[in-house]
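Trainee: Please pick one part of this structure and go through it closely, with its surroundings and its charged contacts. I would like the cut-offs stated as you go.

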Amino acid sequence: MADLNAIAAFVAVADAGTFSSGAAAIGIPKGSISRKISILEESLGVRLFHRTTRKVTLTDIGRSFYERCKRGVDELSAATQLIDESTATPSGILRVAAPAAFADGVFSDVIAMYLARYPKTRVELMLSDEFLDLIEERIDLAFRFGELQDSSLIARKLSTTHRILCASPKLLEALGEPKSLDDLVEYPSIVHGSTLSQSSWRLVDKKGREHIARHKPRLAAQSISMAASAATLGIGVALLPGKAVETALETGELQHILPNYATPTQAFTPSTPAANTSPSTSAASWTY
């Protein structure tokens, strides 16, 4: 197959009528364009141009070859221009996946700001705590709770956080406040997940020492917002992201218990798949 760069050089010279003008049109030295066309002619086994000291003209076979090549080169140029325009001004559909807890608050404001800033874009927002496959689901941007495992994602750390133990004043009034992690086994608990099989939490104290806290799951909720709501209703003790329960702690709907223990600090990290080349979107994952 002929070199596409040589074909582009051939078309440029045919359009311009001289090697020097053709070279200037595509930004390469005259000597380079002449060599490219000579190699192209040699590989094809035909002469494409009649050459004189002042100009070049197409041979009959060169004319036929030019008419086919010209359409291809123009299509490639149009495709390149389309990419350049898309990069300069984001457009198209941005598919976003985020935890259900993001349905309210500042996240909605961010989406509104994005749409206002880029009027040629549209957003498909999927709110779920399920870890969706970014590539399989064609997701451009994902925010997640959990650690980012080794993958092809390109990540950028924004902040860190951890999960804390909390319970409603109603539950604590009925059962008393736990004095140690060992006391948690006497309390009903709420787990973030799809099953009740999770009966222990891995926590660290302020010195970084690891502890295992046993508990008795009474409710399993895949949604962090649902788990938080259930905790405020007194269904059980919950281990929830501190940022997700800030408001409930401030209003007194939830109380921070056993404050000397929490999950190990994790990174808040948006990430992009290395294979994603969309000019207007980028895939990401948020660990919390």
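Mentor: What follows is a close look at helix H3 (30-44), then at the core and the salt bridges.

The model is predicted, with local features needing pLDDT of at least 70 and side-chain atom pairs counting only at pLDDT 80 or more, while totals for chains, interfaces and linings use all residues. Residues are numbered from 1 along each chain as its sequence is written, and side-chain values use heavy atoms, leaving out hydrogens and water.

Helices (H or I, at least four residues) and strands (E, at least two) are DSSP runs, numbered from the N terminus. H3 has 15 residues and spans 21 Å from its first C-alpha to its last. That is close to the expected 21 Å at 1.5 Å a residue, where the expected span is 1.5 Å times one less than the number of residues. After the helix comes Gly45, with a positive phi near 80 degrees.

Ile33, Ile37, Leu40 and Glu41 are the buried residues of H3; buried means under 20% relative accessible area, exposed over 50%, and partly exposed in between, with a 1.4 Å probe and protein chains only. Viewed down the helix axis, these buried residues fall within an arc of 100 degrees, so they line one face of H3. The arc is taken from the directions running from the helix axis to the C-beta atoms. On the face turned away from the buried side, H3 carries the exposed residues Arg35, Ile39, Glu42 and Ser43.

Ile33 and Ile37 are also among the residues with the most contacts inside the largest nonpolar core, together with Phe10, Val13 and Phe49. A nonpolar core is a set of buried Ala, Val, Leu, Ile, Met, Phe, Trp, Tyr and Cys residues joined through side-chain atoms within 4.5 Å, and this one has 18 residues. Two or more residues each come from helix H1 (4-16), helix H2 (19-26), H3, strand S2 (56-58) and helix H4 (60-88), with the largest share, 6 residues, coming from H1. Val13 touches both Ile33 and Ile37, and its other contacts include Phe19, Phe49 and Val56; contact means heavy atoms within 4.5 Å, and residues up to four places away in sequence are not counted here. In soluble globular proteins, nonpolar side chains tend to be buried together.

Glu41 is the charged residue on the buried face, with a relative accessible area of 8%. Its side chain meets that of Arg51 in a salt bridge at 2.9 Å, N to O; a salt bridge is a side-chain nitrogen of Lys or Arg within 4 Å of a carboxyl oxygen of Asp or Glu. Because Glu41 lies in H3 and Arg51 in strand S1 (residues 49-51), the pair ties together parts 10 residues apart in sequence. Arg51 is partly exposed, at 33% relative accessibility.

The structure holds 6 salt bridges, and two others can be set beside this one. Asp74 and Lys70 pair with their closest N and O atoms 3.6 Å apart; both lie in H4, 4 residues apart, about one turn of the helix. Asp74 is partly exposed at 38%, as is Lys70 at 24%, and a network of salt bridges links these two with Asp15. Glu124 and Arg95 meet at 2.3 Å, N to O. Glu124 is in strand S4 (residues 121-127) and Arg95 in strand S3 (residues 92-98), so this pair joins parts 29 residues apart in sequence. Here Arg95 is buried at 12%, whereas Glu124 is partly exposed at 34%.
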